[in-house]
Amino acid sequence: YLRGEWGGKPYSGPDLFITHTHLGITSRQFDIMTRHFKDSLRRHGVRRQESAEILDSFARMKFAIVDADQRFKNMYMLHTAALANWARMSTREPANEPTS
């Protein structure tokens, strides 16, 4: 995704929200990741203008990635459990009933 964001081949995979929902990323976690990335850019000598563009890209992604109250993660986990249960039920062998 980021490669496409910064001028490379456009991303064609799943939506950011869909790919991150099950992770339950909080605002605090996202902000910590952003600070670490900012420190890494500085350590590697990335110029201010490029760093600002990169961090701006991150800021625009926050809405699609963060699930602050874990509501979507919980919905995803319930849905996944229901699908797994349905798959188990649909692949069970029929009970062997005694014949008379």
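Buried means under 20% relative accessible area, exposed means over 50%, and partly exposed is what falls in between (1.4 Å probe, protein chains only). The model is predicted, so local features need pLDDT of at least 70 and side-chain atom pairs count only at pLDDT 80 or more, while totals for chains, interfaces and linings use all residues. Residues are numbered from 1 along each chain as its sequence is written, and side-chain values use heavy atoms, with hydrogens and water left out.

**Exercise 1. Find how many salt bridges the whole structure holds, and work out what the pair Asp-31 and Lys-62 ties together.**

Step 1. Apply the criterion, in which a side-chain nitrogen of Lys or Arg lies within 4 Å of a carboxyl oxygen of Asp or Glu; a search of the whole structure then finds four salt bridges.

Step 2. One of them joins the side chains of Asp-31 and Lys-62, with 2.8 Å from N to O. Asp-31 belongs to helix α3 (residues 27-43) and Lys-62 to helix α4 (residues 48-65), so this pair ties together parts that are 31 residues apart in sequence. Helices here are DSSP runs (H or I, at least four residues), numbered from the N terminus.

Step 3. Turn to accessibility: Asp-31 is partly exposed at 31%, and Lys-62 is partly exposed with a relative accessible area of 25%.

**Exercise 2. Describe the salt bridges of Asp-39 with Arg-42 and of Arg-47 with Glu-50.**

Step 1. The side chains of Asp-39 and Arg-42 meet at 2.5 Å, N to O. Both residues lie in helix α3, and because they are three residues apart, about one helical turn separates them. An α-helix has 3.6 residues a turn, so residues three or four places apart point the same way.

Step 2. Asp-39 is partly exposed at 30%, whereas Arg-42 counts as exposed at 55% relative accessibility.

Step 3. In the salt bridge between Arg-47 and Glu-50, the closest N and O atoms are 2.7 Å apart; Arg-47 is exposed at 58%, while Glu-50 is partly exposed at 29%.

**Exercise 3. Determine how the span of α4 compares with the expected one, and which of its residues are buried.**

Step 1. The expected span of a helix is 1.5 Å times one less than its number of residues. With 18 residues, α4 reaches 25 Å from its first C-alpha to its last, which is close to the expected 26 Å.

Step 2. The buried residues of α4 include Ser-51, Ile-54, Ser-57, Phe-58, Met-61 and Ile-65, and what covers the buried residues of this helix includes α1 (2-5), α2 (16-20) and α3.

Step 3. From α3, consider Thr-34, which is buried at 19% relative accessibility. Leaving aside neighbours within four places in sequence, Thr-34 is in contact (heavy atoms within 4.5 Å) with Leu-55 and Phe-58.

**Exercise 4. List the residues of the largest nonpolar core and name the helix that gives the most to it.**

Step 1. A nonpolar core is a set of buried Ala, Val, Leu, Ile, Met, Phe, Trp, Tyr and Cys residues joined through side-chain atoms within 4.5 Å.

Step 2. The largest such core has seven residues, namely Leu-16, Ile-25, Phe-30, Phe-58, Met-61, Ile-65 and Val-66, and α4 gives the most to this core, with three residues.

Step 3. Not counting residues up to four places away in sequence, Met-61 touches Tyr-1, Leu-2 and Leu-16.

Conventions. Helix = DSSP H or I, 4+ residues; strand = E, 2+ residues; numbered from the N terminus.
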